[in-house]
Amino acid sequence: MENPQSSAPKTTTVIDIQTEMPMRDHIVWSLFNTIFLNWCCLGFVAFAYSVKSRDRKMVGDMTGAQTYASTAKCLNTCALVLGLLLTITSIVIVFTHLQFALSFRI
């Protein structure tokens, strides 16, 4: 006895998996720099570029979105480094000044 053959055509399913990572717009990093390390308003400017990058991504302009994201990343890096340096310098100056003032009191 033979197995009966089905007359229905075989169907296949194709799943397309994206291999590239989604583009980052650095909006969370920009928001952090805007709130905490906003020396010279670099964090705010980086936040503006991050929002522009997200807007370009929603429209489908990936080249423009990548350009704005790259600028936001550069501004965030500068804001972070400058903010940390100025914060550490301010703390050192305050403690040095405080120690100098206390040394003359005794």
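**Two positive phi angles and a threonine**

Student: Is His 26 buried or exposed?

Tutor: In this predicted model, His 26 has a relative accessible area of 18%. The cut-off for burial is under 20%, so His 26 counts as buried.

Student: Where is His 26 found, relative to helix H1?

Tutor: Helix H1 covers residues 27–35. His 26 is found in the segment before helix H1.

Student: What is the approximate phi of His 26?

Tutor: Most residues other than glycine have a negative phi. His 26 is not a glycine, yet its phi is positive, at about 60°.

Student: Which residue in the loop between H1 and helix H2 has a positive phi although it is not a glycine?

Tutor: Helix H2 spans 42–59, and the loop between H1 and H2 holds Cys 41. A positive phi of about 60° is found there too, on a residue that is not a glycine: Cys 41.

Student: What is the relative accessible area of Cys 41?

Tutor: Partly exposed residues fall between the 20% and 50% cut-offs. Cys 41 is partly exposed, because its relative accessible area is 45%.

Student: Which backbone oxygen lies 2.8 Å from a polar atom of the side chain of Thr 34?

Tutor: Thr 34 lies in helix H1. A polar atom of its side chain lies 2.7 Å from the backbone oxygen of Ser 30. At 2.8 Å from a polar atom of the Thr 34 side chain is the backbone oxygen of Gly 43.

Student: Which residues are in contact with Thr 34, leaving aside its neighbours within four places in sequence?

Tutor: Gly 43 has already come up through its backbone oxygen. With those neighbours left aside, Thr 34 is in contact with Gly 43, Phe 44 and Phe 47.

How values were computed: Residues numbered from 1 in each chain as written. Predicted model: local features only at pLDDT ≥ 70, side-chain atom pairs only at ≥ 80, totals over all residues. Heavy atoms only, no water. Helix = DSSP H or I, 4+ residues; strand = E, 2+ residues; numbered from the N terminus. Buried < 20%, exposed > 50% of the residue type's maximum accessible area, 1.4 Å probe, protein only. Polar contact = N/O pair within 3.5 Å; in protein donor to acceptor, adjacent residues only side chain to side chain. Contact = heavy atoms within 4.5 Å.
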